[in-house]
Each structure stands twice: as C-alpha cells, then as structure tokens.
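Visitor: I have a model open and would like to learn how to read its features one by one. Could you walk me through it?

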There are 2 protein chains.
Amino acid sequence: MALAEAVLRLAPGDEVGVALRDLPAGTVLAGAHGEITIGSHIPQGHKVALADCGVGAPVHKYGQAIGEATARIAPGDHVHTHNLGMGALSRNYEFGTARISPAAPAGPRPVFQGYRRANGRAGTRNYIGIVTSVNCSASTARMIADQFRGPVLDAFPNVDGVMALTHGSGCGMVLGSEGAEVLVRTLHGYAHHPNFAALLVVGLGCEMLQTERFLDDAVSAVAVERLTIQESGGIRASVRAGVELIGKMLPLVDGLQREPIDVSELVLGMNCGGSDGFSGITANPALGVASDLLVAYGGTSVLAETPEVFGAEHLLTRRAVSPAVGEHLLRRLAWWQDYARQGGGTLDNNPSPGNKAGGLTTILEKSLGAVAKAGKAELSRVVEYAAPVTGPGLVFMDTPGYDPVSVTGIVAGGANVVCFTTGRGSVLGCRPAPSIKLGTNTELYRRMPEDIDINCGVVIDGGMGLEELGGAIFARILETASGRQTVSEELELGQDEFVPWQLGTVT
Amino acid sequence: MALAEAVLRLAPGDEVGVALRDLPAGTVLAGAHGEITIGSHIPQGHKVALADCGVGAPVHKYGQAIGEATARIAPGDHVHTHNLGMGALSRNYEFGTARISPAAPAGPRPVFQGYRRANGRAGTRNYIGIVTSVNCSASTARMIADQFRGPVLDAFPNVDGVMALTHGSGCGMVLGSEGAEVLVRTLHGYAHHPNFAALLVVGLGCEMLQTERFLDDAVSAVAVERLTIQESGGIRASVRAGVELIGKMLPLVDGLQREPIDVSELVLGMNCGGSDGFSGITANPALGVASDLLVAYGGTSVLAETPEVFGAEHLLTRRAVSPAVGEHLLRRLAWWQDYARQGGGTLDNNPSPGNKAGGLTTILEKSLGAVAKAGKAELSRVVEYAAPVTGPGLVFMDTPGYDPVSVTGIVAGGANVVCFTTGRGSVLGCRPAPSIKLGTNTELYRRMPEDIDINCGVVIDGGMGLEELGGAIFARILETASGRQTVSEELELGQDEFVPWQLGTVT
Ligand SMILES: [Ca+2]
Ligand SMILES: [Ca+2]
Ligand SMILES: [Ca+2]
Ligand SMILES: [Ca+2]
Ligand SMILES: [Ca+2]
C-alpha cells in the first residue's frame with residue numbers, strides 16, 4: 001500500500017503521522033524514501049512512527065512537539081502512551097508576537113434572519129424559559145414545561161419551545177463565595193439570553209438564592225413572571241399557575257418576527273467532546289476557518305475549555321492583542337493547576353479513556369488539536385466562566401473541558417449559536433442556543449447519522465479541503481442562526497445538559 | 001390573653017418560649033407569676049423572652065443553651081439575631097454516658113407488605129430504574145423513562161414506575177479522588193437499592209466513569225441491561241432499544257408480589273428542610289418517637305445532615321455505643337469545619353434566610369431541634385455519605401444539610417422509607433423510596449394541603465401529645481412501606497431531586 005494513502009503527515013519533519021485506516025501488524029507501506037513495516041496493529045486515528053526517536057527525544061506532530069519518547073521508537077511503530085509522555089517540555093511565553101486580523105472576503109456582507117430584542121440584542125431562537133432558583137423547584141418547572149411539548153405549540157409557529165432550566169444547587173451554599181457567584185452569573189446569563197423571548201422564574205420560597213440576584217430589567221424577554229411554590233399553595237397549584245402564565249405569553253412571543261441582522265451580531269460558541277485522532281486534523285481546523293471568517297466580518301467567536309488548552313497556551317499568548325490579555329490567560333491556567341492539584345489530579349490527566357482509545361496520547365497533543373478550532377485570529381479578550389462575552393473578535397472563556405459544564409458557561413455568556421466537534425460521538429445539545437454537531441470522521445457519521453450535522457471526515461476521504469469545508473460550516477452557521485434546526489434541537493436536547501459549573505474540582 | 005395560650009415554654013427554667021401565634025406589640029400576657037407585655041411584633045414560631053438576660057448570659061430553650069445574649073433582653077422582647085448569638089459556647093464531649101435502648105411494646109410484632117428480593121433484601125416499592133453513568137446520557141435516559149408515564153403502565157399494576165437517575169457528572173473528573181468515589185458510591189447504592197426490581201444502565205460510551213465501577217451481581221434487580229449511545233447508533237436508536245428492553249422487563253417486574261416482612265427490615269431515612277420555629281417542638285420530636293419505636297423493634301433509623309447537628313454533637317456522643325463511634329462523629333464534624341472554611345463559610349452560616357424568617361436564630365438552636373428526630377435511642381454507627389447502612393439501630397450518615405443532596409445519600413445507603421419534616425413547605429420527593437412529608441404547623445398544612453402527608457401542628461392546636469403523634473407516624477411508615485402512596489409519589493417526584501453530593505463546598 002502507498003504510505004500516503006494509509007498515513008497522513010501533518011507537517012514536514014513530523015516524526016509521526018496519523019493512520020487513515022486500521023493498519024494490521026506486518027503491513028508494508030511504500031513511501032518516497034523507502035518502505036516501512038507496521039510493527040503491531042495500529043487503529044485508525046492513532047499515530048504511526050515515520051522516523052527514529054531515541055529515549056527523551058521530542059516527538060513532533062503539526063510541526064509542534066507533542067511529547068518525548070519514553071522508549072526507543074522506530075519507523076512503523078505504534079506511538080501511544082507506552083512510548084510517549086509529556087516529559088518536561090519548556091514553554092516560552094511571548095505576548096502579541098503572532099497577531100493576525102483575518103480580512104473579510106470581498107462581496108456583500110452576510111446577514112442572518114434573527115430576532116431583534118427590545119434591549120438591542122440579537123436572538124437566533126424564540127424560546128420561553130422557565131428559570132429555577134433552586135433544585136427544590138426543579139420538578140415543578142419541568143412539569144410546567146412538559147405541558148408545552150408536542151402539538152400544543154402547533155398554533156404558535158414562531159415559538160421554538162418552552163424549556164426548564166434546572167440544577168442541583170441554589171441552597172446549602174455560602175453566599176458571596178466563588179461557587180455561589182458562579183451560579184449567580186450562570187443564571188443571570190441565561191435569564192438575559194437573547195434567545196429567551198419570555199421568562200417564568202420558579203422558586204420554592206425559602207431558598208438562599210433569591211431571584212433579585214440574577215434578574216434585572218435588562219432582559220431580552222418581553223414578559224417576565226415569577227412564582228414560588230410556598231406562596232402559590234404547593235406544587236399542583238404552582239403548575240396550574242405557571243401553565244396559565246405561559247399560556248398568556250405564547251401569543252405575545254409568537255407575534256415576534258425574524259428580520260435581517262448583520263453577521264457581526266453572531267456570537268459563536270465552540271467546544272469539543274469525545275475527541276479522537278481526527279479532531280485536530282478535520283473538524284477543529286475546519287471550524288477554525290469558519291471562526292476566522294466570522295471574526296473577519298466583525299463577529300464574535302468564543303474558545304473555551306481551559307484544561308484542554310493547557311500545553312498550547314504559548315501559541316495563544318503570542319496571538320493576544322495585549323500583554324494584559326495574555327497574562328489573564330496565564331493567570332487562569334495557574335489557577336487551574338492549583339485547582340486540579342487540590343482535587344488530587346493534574347491537568348495532564350485530562351485525556352479521557354475515550355480520548356486515548358481514539359489515539360490521543362498527551363494533553364499537549366490534544367490541546368494543539370483543540371486550539372485549532374480558534375483558527376488564526378488574534379485573541380481579543382479573556383473572560384471568566386459564564387460572564388457576558390463582549391466582542392468583537394476571538395474571546396477566550398475560562399471553563400472546564402467537561403462538555404455540559406463548558407457549554408453552559410458559553411451559552412450563559414451570550415453565544416447565540418454553538419459549534420461542537422466530536423470524534424467518538426458526543427450528543428450534546430444546548431437549547432436555547434442551537435448546537436451544530438461536527439463529526440470528525442466518516443465512520444462516525446455513518447454510525448450515528450441522526451446525531452451529527454456535518455461530516456468533517458470528507459477532508460480525509462471525500463477530497464474536500466479544509467478551506468472549502470470551513471466555508472460550508474460558516475454557511476451552515478448563518479442558516480442555523482436564521483432558523484434551520486440542528487439534529488440536537490430536533491431531539492429537544494438542552495434541559496438536562498444545563499449544568500452550571502459547581503466549583504470543586506471539575507476538570 | 002393567657003401566657004400559656006400564646007407562648008410555649010419547652011423546659012422549666014428556659015428564658016425564652018415559642019410564640020404560638022403572631023403577637024402584636026403591646027399585647028399583654030397574663031401568667032402565673034404576673035404579666036408580660038410584648039415589646040415589638042413577634043411572628044408565630046419566633047422566640048419570646050420570659051426572663052431577663054444580661055449581655056453575655058446564656059439563653060436556654062429545651063433546657064439547653066442555644067446561644068448568648070448580645071444585647072440586654074427583658075421579658076416580652078422578641079429574641080432573634082439582633083440580640084442572640086452563638087458566643088463561645090464550650091462543649092464537653094463524653095462517650096456512651098447516656099445510652100438508652102428503647103424497649104419494644106408488648107403485643108404482636110408489626111409487619112409490612114414488601115418485596116423480598118432474590119439477594120435477601122426487602123423492598124417497599126417495585127420500580128424499574130434507568131441509571132446513567134454520565135450527564136451525556138441524561139436526556140436519552142429521560143426520553144426512555146418518558147415513554148412509560150401515564151396509562152401505558154395500567155396493565156402492570158405491581159410496577160410503581162420507570163424512573164431515570166440523571167446527574168451532572170461522570171466525566172471531567174479525577175478518577176480515584178474523593179469526589180469521584182462519592183459519585184461511584186451513590187450510583188452503586190441506587191443500582192443495588194431493593195426498590196429497583198430491574199435496571200437499565202445507559203452510558204454515552206467514552207465517559208470516564210465506566211459501568212463496572214457501580215454495578216455488580218449483588219443487585220436486587222431481576223433483570224439488568226446495559227446500552228451505550230455510541231454503540232447503539234445514536235440517541236434515537238438508543239431510545240428505541242431502551243424502550244424495547246424495558247418493555248420486556250415490565251411483565252417480569254409486574255409478576256413480583258408483596259409478602260409479609262418483619263418491621264426490623266425497614267430502614268428509615270430522616271431529614272428536615274425549610275425548618276421553622278415549630279420543627280423542633282412538633283414534627284421532629286414526634287418523628288423521634290417513631291424512630292425510637294422502629295429501633296425498639298430491631299429496625300434501622302438514619303439521622304443525617306452533619307452541619308445541622310453542629311452544636312448538638314455532644315448530645316450524640318453521649319449516646320454512642322462506643323468511643324469509636326463517638327470519635328467517628330467528631331472526626332466528621334472536624335472535616336466539615338475545614339470544608340466549610342475552604343468554601344469561605346462557617347458551619348454557623350447554616351440557618352438559611354427561610355430558617356431565620358421561621359424564627360430560628362442560631363445553628364445550635366436549629367441543631368437541638370434537628371437532633372430531636374433521632375429520639376433517645378443510642379447511636380450504633382456512623383457511616384460515610386451514600387455508604388451502605390447496616391443496622392440495626394440508630395445510624396448517623398455524614399451528609400450535607402441541603403435536602404436533595406442529603407436524601408440522595410440516605411437513599412443510596414438503602415433507606416426503604418423516608419420521613420421528611422418541614423415548616424416552610426419543602427416539597428422533596430425521593431423515588432424509588434417513598435417520602436412521608438411531616439408538616440410542623442397547621443397553617444402550612446392548610447396552605448399546601450397537597451404537599452404534606454401528616455400535619456404535626458396538632459401538637460400545638462389539636463390537643464394531640466407527642467407520643468400519640470409519634471405512634472401515628474410509625475403506623476403511617478408501616479402503611480407506606482406496604483404500598484400506600486405519599487403525596488410526593490403521586491407527583492412522581494424524585495428524578496430531578498436525585499443530586500449526588502459533588503464535593504466542593506455544599507453545606
Ligand atoms: Ca440540569
Ligand atoms: Ca469539551
Ligand atoms: Ca401502578
Ligand atoms: Ca438529577
Ligand atoms: Ca435538609
């Protein structure tokens with residue numbers, strides 16, 4: 001078999017390439033400079049050695065060191081946890097030495113059909129949200145939302161749905177502590193999200209977290225109602241009252257209409273979950289192309305998942321618009337190293353069993369692939385978890401890597417469309433924001449066709465280039481913002497995936 | 001008005017009593033030793049001074065010091081946070097100096113109609129459980145459970161329901177850390193709960209927490225099935241597969257029959273939430289009578305909520321069966337003081353705004369009332385959060401006070417019936433265990449009649465004594481264990497209230 005058909009070398013000089021298919025032991029691959037023989041079975045997406053590496057030698061992929069050989073490596077060897085480790089890689093931090101401002105393509109500016117809210121913000125969906133202050137009102141909120149599923153909404157075609165935002169906290173907490181503030185920021189962000197056209201806030205009554213902490217007049221909603229179970233006479237009475245209140249909101253919300261809005265008002269949230277050996281070479285860099293396009297048009301794009309950036313942060317600090325922005329990122333990484341240590345771990349623990357099975361060996365390798373989502377644009381700002389994202393440009397939000405917690409923070413920040421890349425098949429949805437699922441490989445797309453919006457495996461086996469695929473993703477972002485349903489919206493995902501970061505080690 | 005009609009003094013010599021009704025300023029109360037005049041409005045349930053207290057003097061209720069006067073107090077004054085604080089109360093720890101083994105009443109031993117499981121355990125309900133390993137399968141699990149609500153179960157009268165156990169974790173965690181072990185223990189406890197007659201375990205596929213960690217052959221279930229979204233072809237395919245698997249379980253589970261089981265196989269979980277000034281004088285001591293009866297018959301009763309015991313732990317150590325048990329309790333309290341400090345709080349922060357509005361001033365006052373649930377029986381054992389409770393006797397489980405987290409731990413430990421006391425109107429349910437809601441006052445019972453099972457306000461205004469009410473609660477526990485539905489079961493509560501303790505400060 002020809003080497004080029006079986007193994008992808010990502011940059012000249014890399015000592016490893018990526019297996020494009022399962023390579024049985026003994027397979028002989030013929031390249032320009034001779035043959036190599038596969039030593040032991042190498043699964044698709046895993047790394048194949050293309051050169052010799054002595055113990056302690058750096059091993060490169062993407063032209064970047066991803067670790068050091070921990071055993072002698074010969075061409076044709078499977079390179080993974082048994083012979084590759086992080087070693088003591090030194091990183092040299094520079095600020096602003098690699099700033100790039102992508103230029104907008106010539107031609108008319110793209111627009112999307114969105115909802116212009118009274119407070120000036122731009123929505124891409126038209127939901128009614130039921131926000132809970134405490135777990136004690138979670139069941140009640142869901143009972144109310146359950147009354148508005150199915151045909152009952154057929155008479156209100158402009159209403160995307162009624163959803164309950166429930167969580168496990170809101171009492172038994174230390175008011176004013178970092179953990180409490182994070183919950184308050186998250187609820188505040190959702191209550192003010194431009195995709196909520198109306199709000200019902202449901203509490204128990206005696207909880208610590210009072211409504212005033214996360215609700216003020218700056219909401220996007222045209223109607224805001226509140227009720228507590230203790231004042232309403234119990235659960236059944238609250239459900240009846242809530243259903244009646246929402247019944248009155250429906251015609252109001254349904255009367256709102258989409259209108260053309262400039263592309264620069266999109267806030268794109270980006271995330272990856274269940275990564276594999278293809279994430280960093282198909283879906284993530286293709287999304288990076290789309291992100292750069294959005295930034296070029298004056299829009300906002302949000303990179304997140306701090307633990308997954310660990311090891312590649314020096315590439316981001318070089319792109320920072322100022323030393324202050326670069327230093328902010330490094331402060332958050334230092335905080336994370338402490339936080340992980342307190343929890344008994346290290347940031348290097350991050351590749352999950354699934355990630356490793358997919359062929360990713362070190363967190364650095366995974367990070368280089370993860371940062372590829374952010375394209376090449378300069379880094380304009382760093383914000384805390386769930387804080388309002390003010391663009392334009394590429395913004396970094398400090399979040400865990402764990403998907404539901406990370407995406408909850410990003411949506412709280414105001415993302416009105418999300419792109420989520422996955423190799424193993426993560427199925428996250430994040431109503432009230434639409435989530436576009438980008439699969440990294442064609443096998444996944446065939447196996448879970450109803451859970452993936454775009455197959456990025458075409459970069460490997462469909463002959464499509466990254467620039468072309470990135471353009472297609474950008475077009476899909478605009479269509480989705482204008483109302484096209486994503487697979488996870490068809491499944492109504494997002495209620496159970498609303499998981500505010502509860503501080504205490506969640507990496 | 002007569003003093004005795006307006007104010008309840010709980011022990012002779014107490015400097016404060018409890019207002020049995022709202023007392024406007026200027027109300028004159030005539031007692032055996034003269035008149036007192038109410039200085040400012042005192043809400044029902046709040047404390048009324050019956051004697052003078054100088055600054056720094058201890059203030060007694062229940063014959064126990066509940067704090068020190070922080071301002072001069074005169075008879076008729078409202079006593080609350082403005083003139084009462086914890087001060088520097090010293091506690092003297094003794095072990096086993098106050099052991100009491102309640103004796104079983106004469107007559108035949110009570111039995112309940114329960115489900116005898118193949119592994120020997122005794123169930124009080126017959127549920128099918130859908131257990132999730134990670135948040136990524138939460139929506140899928142709920143979609144499956146949703147297919148078995150309503151009339152579809154009418155053909156299976158012995159099946160109590162199909163419920164999904166979802167949570168926000170399962171990935172992005174440090175395997176082997178305390179936090180991960182707590183989640184594993186919780187899922188293990190539910191997967192082995194005798195109220196689950198059959199189990200379906202749903203995962204995503206690539207998560208860190210693998211099924212083997214919380215599932216083994218010692219389950220109570222007659223059928224155990226597993227599926228992962230990634231292997232099943234996505235969410236829709238998983239829902240179809242899950243619905244089919246549960247469809248096959250239904251006749252099997254429906255064929256199981258209740259049979260007489262000795263009262264000693266009951267494991268009673270106890271909790272309080274939204275406490276008020278009546279909790280410690282009506283519902284809690286009445287539950288204490290029922291708990292002592294169960295212990296007398298060789299059953300098991302579980303006290304929990306460590307932060308709410310703080311301040312009254314010296315009363316529990318005196319009841320410990322051994323110094324080791326008493327020291328175990330003190331070690332957990334010391335751990336909690338650290339944990340609270342790390343979170344920026346102290347254990348004295350615990351009374352919530354709702355508790356304070358209800359008339360509880362200090363954590364010590366609240367703790368004395370909380371511990372009243374445990375009656376007078378000796379303390380036989382202390383167990384960690386969500387660990388298997390092995391009786392017989394009174395067991396203390398180390399949990400937060402926050403209701404859903406605490407009760408989740410207790411049910412994980414194997415409680416097959418729960419009693420929950422509330423003054424403000426907490427509405428917690430905890431399927432698969434039935435939860436009997438005990439209201440502390442008649443006004444609550446009138447305001448939220450559909451959310452309270454038993455009105456313990458009759459101790460104040462219905463002429464019923466604590467012993468009589470405790471006997472009635474004990475009888476209701478047996479009826480409930482035998483199948484009588486509680487108000488929270490009628491509402492199907494328990495899916496959203498399953499909240500495993502995520503370590504990180506939750507007091
Ligand atoms: Ca949730
Ligand atoms: Ca992620
Ligand atoms: Ca039934
Ligand atoms: Ca839950
Ligand atoms: Ca509680």
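Guide: Let's start with an annotation. The unreviewed UniProt entry places "domain: SAF" on residues 14-85 of chain A; UniProt positions are given in the numbering used here, feature names are shortened, and annotations may be inferred rather than shown by experiment. In the model, the end C-alpha atoms of that span lie 16 Å apart, and the span is 0% helix and 40% strand. Helices (H or I, at least four residues) and strands (E, at least two) are DSSP runs, numbered from the N terminus.

Visitor: What ground rules apply here?

Guide: This is a predicted model, where local features need pLDDT of at least 70, side-chain atom pairs count only at pLDDT 80 or more, and totals for chains, interfaces and linings use all residues. Residues are numbered from 1 along each chain as its sequence is written, chains are lettered from A and ligands numbered from 1 in the order in which they are written, and side-chain values use heavy atoms, with hydrogens and water left out.

Visitor: Which rotation superposes chain A on chain B?

Guide: Copies are superposed by least squares on the C-alpha atoms of residues with pLDDT of at least 70 in both. Here a rotation of 180° with 0.0 Å of shift along its axis does the job, with an RMSD of 0.0 Å. The two copies are thus related as by a two-fold rotation axis. As for the interface, 100% of the interface residues of chain A are also interface residues in chain B, so the copies meet through the same surface.

Visitor: Which residues coordinate the calcium ion (ligand 5)?

Guide: Donors are N, O and S atoms within 2.8 Å of the metal (3.2 Å for Na, K and Ca); water is not among the atoms, so sites may look incomplete. For ligand 5, the donors are Asn271(B) (OD1), Cys272(B) (O), Glu305(B) (OE), Gly401(B) (O) and Asp403(B) (OD), at 2.2 to 2.8 Å. Along the chain they follow the spacing N-C-x32-E-x95-G-x1-D. Distant parts of the chain are linked this way: Asn271(B) sits in strand E17 (residues 267-272) of chain B, while Gly401(B) is in the loop between strand E20 (393-397) and helix H12 (403-412) of chain B, 130 residues apart. Asn271(B) and Gly401(B) are buried, where buried means under 20% relative accessible area, exposed over 50%, and partly exposed in between (1.4 Å probe, protein chains only).

Visitor: And what coordinates the calcium ion (ligand 2)?

Guide: That ion has Asn271(A) (OD1), Cys272(A) (O), Glu305(A) (OE), Gly401(A) (O) and Asp403(A) (OD) as donors, at 2.1 to 2.8 Å. Their sequence spacing is N-C-x32-E-x95-G-x1-D. Gly401(A) and Asp403(A) are both buried.

Visitor: How many disulfides are there over all chains?

Guide: A disulfide is a covalent bond between the sulfur atoms of two cysteines. The test is a pair of cysteine sulfur atoms within 2.5 Å, and the count over all chains is zero. Take Cys272(A): the closest cysteine sulfur, in Cys206(B), is 11 Å from its own, too far for a bond. Cys272(A) is buried, at 2% relative accessible area. For Cys419(A), the closest cysteine sulfur is in Cys456(A), 9.0 Å away, again too far for a bond. Cys419(A) is buried too, at 0%.

Visitor: How many salt bridges does a search of the whole structure find?

Guide: A salt bridge is a side-chain nitrogen of Lys or Arg within 4 Å of a carboxyl oxygen of Asp or Glu. The search finds 43 over all chains. One of them joins Glu489(A) and Arg125(A), at 2.5 Å from N to O. Glu489(A) lies in helix H16 (residues 487-490) of chain A and Arg125(A) in the loop between strand E11 (122-123) and strand E12 (127-132), so the pair ties together parts 364 residues apart in sequence. Glu489(A) is buried at 5% relative accessibility, and Arg125(A) is buried at 0%.

Visitor: Where do Glu443(A) and Arg447(A) sit?

Guide: They are four residues apart in helix H13 (residues 442-447) of chain A, separated by about one helical turn. Their closest N and O atoms are 3.0 Å apart, in a salt bridge. Glu443(A) is partly exposed at 42%, as is Arg447(A) at 28%.

Notes
Contact = heavy atoms within 4.5 Å.
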